[in-house]
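Here is a short briefing on a protein model, written for someone who likes to think about packing and empty space. Have the viewer open, and let us walk through a few residues before turning to the pockets.

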Amino acid sequence: MIVAFSVTPIGIGEDVGAAVAEAVRVVRASGLPNETDAMFTVLEGEWDEVMSVVQQASDAVLALAPRVSISLKADIRPGVTNAITAKVASIEAHLATDTAQR
């Protein structure tokens, strides 16, 4: 499964970068395939391991903030692996084909 999630600390002011960095640190230490951009962290693995990492990331932020908001979107496809890169590669291939045909 792939999960795109964000953990937002609430109650610590506008500069939340240090708290969010702690969540990302947990994700990266998990060893699961992951990517982080300006809005979300994408994580790939089995249900239990992915949800455990989301919980640990939330707990890391809760250690620094009195409240946390989580946004989460999941793509559950049993038996599929490497979807983080495969999905993007598919789009890029379509874009290259479309460009070549123009």
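S58 is in contact with V7, V68 and I70, once its neighbours within four places in sequence are set aside. The model is predicted, so please read each value below as computed from that prediction. The points that follow take two serines, then the nonpolar core, then the open and enclosed spaces.

**Two serines**

- S58 sits in helix α2, which covers residues 47–62.
- Is S58 buried or exposed? With a relative accessibility of 7%, S58 counts as buried, because the cut-off for buried is under 20%.
- S30 belongs to the loop that runs between α1 (17–29) and β2 (34–36).
- The relative accessible area of S30 is 29%, so S30 is partly exposed, falling between the 20% and 50% limits.
- Which residues does S30 touch, if those up to four places away in sequence are not counted? They are L43 and V53.
- A polar atom of the S30 side chain lies 3.1 Å from the backbone nitrogen of L32.
- For a sense of distance, 13 Å separates the C-alpha atoms of S30 and A60, which are 30 residues apart along the chain.

**The nonpolar core**

- The largest nonpolar core holds 17 residues, and F5 and L43 are the ones that touch the most other members.
- β1, α1 and α2 are the elements that give two or more residues to this core.
- Of these, α2 supplies the largest share, with six residues.
- F5 has a long list of contacts beyond four places in sequence: V27, F40, T41, L43, V54, A57, S71 and L72.
- L43 turns up in two settings here, as a contact of S30 and as a member of the largest nonpolar core.

**The largest pocket**

- How much space lies in the largest pocket? The volume is about 270 Å³.
- The lining is made of 14 residues, with I2, A4, E35, V42 and I84 closest to the centre.
- At least two lining residues come from each of β1 (2–10), β2, β4 (67–75) and α3 (83–101).
- The top contributor is α3, which gives four residues to this lining.
- By class, the lining of the largest pocket divides into eight nonpolar, one polar and five charged residues.

**The second largest pocket**

- The second largest pocket contains about 210 Å³ of space.
- Among its 17 lining residues, S6, V7, V20, M39 and F40 lie nearest the centre.
- β1 and α1 are the elements that give two or more residues to this lining.
- The largest share comes from β1, with five residues.
- The lining of the second largest pocket has 12 nonpolar, four polar and one charged residues.
- Two residues near the centre link back to earlier points: V7 is a contact of S58, and F40 is a contact of F5.

**The cavity**

- Rolling a probe the size of a water molecule over the atoms shows where empty space is left.
- How many cavities of 30 Å³ or more are there? The count comes to one.
- About 50 Å³ of space lies in the largest cavity.
- The residues that line the largest cavity are M1, I2, E44, D75, R77, V80 and A83.
- By class, this lining has four nonpolar, no polar and three charged residues.
- I2 appears twice, lining the largest cavity and lying among the residues closest to the centre of the largest pocket.

Key:
Residues are numbered from 1 along each chain as its sequence is written. This is a predicted model: local features need pLDDT of at least 70, side-chain atom pairs count only at pLDDT 80 or more; totals for chains, interfaces and linings use all residues. Side-chain values use heavy atoms; hydrogens and water are left out. On a 1 Å grid over the protein atoms alone, a cavity is a set of points where a 1.4 Å probe fits but cannot get out, and a pocket is an open set with protein on both sides within 12 Å along at least five of seven lines; lining residues have an atom within 4 Å of a point. Grid points are joined across faces, edges and corners, and a volume is the space filled by probe spheres set on the points. Ala, Val, Leu, Ile, Met, Phe, Trp, Tyr, Cys and Pro count as nonpolar, Asp, Glu, Lys and Arg as charged, and the others, Gly among them, as polar. Buried means under 20% relative accessible area, exposed over 50%, partly exposed in between (1.4 Å probe, protein chains only). Contact means heavy atoms within 4.5 Å. A polar contact is a pair of N or O atoms within 3.5 Å; within protein, one must be able to donate a hydrogen and the other to accept it, and residues adjacent in sequence count only if both atoms are side-chain atoms. A nonpolar core is a set of buried Ala, Val, Leu, Ile, Met, Phe, Trp, Tyr and Cys residues joined through side-chain atoms within 4.5 Å.
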